Amino acid sequence: MNEGKNETNGRTAEETVVSRTTLFVQHAIVNLCRLVVAVTFIVSGFVKAIDPLGTQYKIEDYAAAVGIMQPAGSLATLGLSVALSAVEFSLGVLLLFAIHRRVVSRITAVFMAIMTIITLWLWIAEPVKDCGCFGDAIHISNAQTLMKNIVLLASAVIVAWRPLQMVRFISRSNQWIVINYTVLFIVGVSIYCLYMLPLFDFRPYHIGADIKKGMEMPPGEKGPEFETTFIMEKDGERREFSLDNYPDSTWTFIDSKTVQVSEGYVPPIHDFSVVMQPDGVDVTEDLLANKDYTFLLVSPQLEKADDSNFGDIDRIYEYATGNGMNFIGLTASSDEAISRWRDITGAEYDFGITDGTTLKTMIRSNPGLFLLKEGRVIGKWSHNDLPDPASQEFKALIKNGIDNGNFDTAKKVVKVVIWFVIPLFLLTLADRLWAWSSIVRNTRKKNKLYKLLKKKKMRKKIVAGNWKMNLNLQEGVALAKELNEALTAEKPNCDVIICTPFIHLASVAQAIDQNVLALGAENCADKEKGAYTGEVSAEMVKSTGAQYVIIGHSERRSYYAETPEILKEKVLLALKNGLKVIFCIGESLEEREANKQNEVVKAELEGSVFNLSEEDFRKIIIAYEPIWAIGTGKTATSDQAEEIHAYIRSIIAEKYGKAVAEDTSILYGGSCKASNAPELFAKPDIDGGLIGGAALKAADFRGIIDAWK
Ligand code: PEP
């Protein structure tokens, strides 16, 4: 005996407290990391999804930096933009709700590993200045991005290391609703923002922005500094000069290069200018100072602009000219593209040239409509959502000079809350209430008085695994630990036992908490002790910390010629040493075909356990295992199994009385899997399973245990 050790699992009370504390700390760390990753993914996925074109431009910047020649504005990069934001946002939500914990946490860790490698490259090579992780909402430097990703990667790895410690917010049966709703929502948001405009505008040209102010240099700030070097040649000699020591005309200019030598302050708007076509007059200042309204039809690439709404555009142009307002088209495209547009749409308005990137930043629509007054952005519309000049809303906008709510940020936040947060919150609430009410129901069922009144059956629900001669010591201990962790993280609705080869017992006993996962042997000797080379006694089994032993398995009966008499001895010795017995019975195929199953199981019980006192018999768990179903993939149907289980209970009742029979757990064994366990366990006389093959993988075994939920 291990003095000072807890009888059941071989640990001291102190060790148990330490392992519980460790588990608690692990839980706290895993859940904190999971929240950090989940919230970051949700935010970064969402800000990308509301601006699919912005994300697409960023992807194209990356593609250009690595020399992948993607035609600008291609469908592939747009698809990637929508997919990337959807994956990021959905992973965040699934992590937050702890849905499919293993697979989601692994995918997240892999995703973060890839992102961290990319940002390491960004930091070293600086192919783009801003990684675009948070769209235009938050700009961080490449070094900051790398730091952020290292923290996220570490958190994701911790979560993937102990995924089952993530606390669930929603039961498994309702997870599919969250998954589908999240994916539909985020893809829907992307499509909506693509058709209209980004739901939230984080760019310097948002409604209400003053473009003149955005271009100002705050007092005391210095702009970035550049240095130009000139490569010149004279008499076959090449030298580099700067502006300060520029040589005389005897030197011939070969090349020049300009490098930025200091960062400096760059105003949010630094490249807004309008040069009218075809006369080349720069009207930027006049345009920004104009006290009247100016409509700008913005099209970064006129040759790719959608011309389907030109009727609406013309209506606004007519409204503008009729009311003494300006209307200018702005593009970065060539004169040919402008004349083509004029031919197609009959446009009469003038065009000005502005930098393409500036135009893409101004509005995420090609074309899109901008309304300016004294350099302030009064309104912005996608070509799919152009305003009707006759509408009250538009008239109010023109009258007041401010947007009257169409772009009100608070309203949009409320919309997102109504469409996404509230439905999921209500679902979670309903799910938790349901879970809570089932706990109340189960607690009531467990209440003794209730049981007495209701005469409910008291016997235990059990799922026991029989590892047979599989798994080496290291594999066995790893499996036991994995199961222990999973069952600690989420309590099962039944007792769970693993019966392992002898050599695993002592190590597994140290690795598990038997209040969560009990341990048993697969056999024990029919002799107490002595010169029986190779045998392991019941006392030895007990000394490892094991509490159970399987006796009478059909493989022992047939391959090792264990007779009813031998089994009777084993049962007596096991009970004498404080072990609980899982006693196996069951007929062969020939016996079943000859309809002798009842006779067979009765004889097996009478031969080995019906000699016991009532007190001892109460320590026996019966496992009915039709030999033709063991390891064959053939399962007794639930009705076949129920019929014989009921018969076994009836003969126990005959022998020991109804109360004992009602309290005896009778397990079914034989190709029991997660897929058939719920049907089998739903039968009134089937109290669980003795599982062979499916006990060798934690997920398979867990699936069977969960059949009791
Ligand atoms: C067993 O041998 O106890 C058993 C039920 O095996 P399997 O589940 O693999 O049929």
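This is a short tour of selected helices, strands and salt bridges, to follow with the structure open in your viewer. Keep in mind that you are looking at a predicted model.

**Stop 1: a pair of helices**

Start by selecting residues 75-97, which form helix 3, together with residues 175-195, which form helix 6. The axes of these two helices lie 9 Å apart and make an angle of about 145°. Turn the view until one helix lies over the other, and you will be looking at a right-handed crossing. Now show the side chains where the helices touch. On helix 3 the contact includes Leu-78, Val-82, Phe-89 and Phe-97, and on helix 6 the residues to pick out include Val-178, Ile-179, Phe-185 and Leu-194. What kinds of residue make up this contact of helix 3 with helix 6, nonpolar, polar or charged? There are 14 nonpolar residues and four polar ones, with no charged residue taking part.

**Stop 2: a trio of strands**

Next, select strand 1, residues 225-234, and strand 3, residues 252-262. They pair in the antiparallel sense, over nine bridges. One place to zoom in is Glu-233, whose bridge partner in strand 3 is Thr-252. Then add strand 2, residues 237-241, which also pairs with strand 1 in the antiparallel sense, here over five bridges. Look for Met-232, which has Arg-239 of strand 2 as its bridge partner. Strand 1 and strand 2 form a hairpin with two residues between the strands. Centre on Asp-235 in this hairpin: Asp-235 takes a positive phi near 50°.

**Stop 3: the barrel**

Move on to strands 10 to 17. Taken in the order 10-11-12-13-14-15-16-17, these eight strands make a closed barrel with parallel pairing. From one strand to the next, the twist averages 25°. For a closer look, select strand 12 (residues 518-521) and strand 13 (residues 548-551), which run parallel and are joined by two bridges. Here Gly-520 stands opposite Tyr-548 of strand 13.

Now add helix 23, residues 638-656. Which strands does helix 23 lie across? They are strand 14 (580-585), strand 15 (620-624) and strand 16 (666-669), and the helix runs at about 145° to strand 16.

**Stop 4: salt bridges**

Side chains of opposite charge can pair when their charged atoms come close. The count for this model comes to 38 salt bridges, and a few are worth a visit.

- Select Asp-312 and Arg-315, whose closest N and O atoms are 3.1 Å apart. The two residues are about one helical turn from each other, because they sit three residues apart in helix 9 (residues 310-322). Asp-312 is partly exposed at 27% relative accessibility, and so is Arg-315, at 45%.
- Select Lys-570 and Glu-562, where the closest N and O atoms are 2.5 Å apart. Are these two buried or exposed? Lys-570 is buried, at 2% relative accessibility, and Glu-562 is buried too, at 8%.
- Select Arg-618 and Glu-614, whose side chains meet in a salt bridge at 3.5 Å, N to O. Arg-618 is partly exposed at 41% relative accessibility, while Glu-614 is partly exposed at 40%.

For the last selection, pick Asp-51, Asp-136, Asp-201, Arg-203, Arg-364 and Lys-380 together. Salt bridges with shared partners link these residues into one network.

Note on methods
Residues numbered from 1 in each chain as written. Predicted model: local features only at pLDDT ≥ 70, side-chain atom pairs only at ≥ 80, totals over all residues. Heavy atoms only, no water. Axes fitted to C-alpha atoms, helices over the stretch in contact; angles between N-to-C directions. Helix = DSSP H or I, 4+ residues; strand = E, 2+ residues; numbered from the N terminus. Left-handed = near helix turned anticlockwise from the far one by under 90°. Contact = heavy atoms within 4.5 Å. Nonpolar A, V, L, I, M, F, W, Y, C, P; charged D, E, K, R; others polar. Salt bridge = Lys/Arg side-chain N within 4 Å of Asp/Glu carboxyl O. Buried < 20%, exposed > 50% of the residue type's maximum accessible area, 1.4 Å probe, protein only. Pairing = 2+ DSSP bridges.
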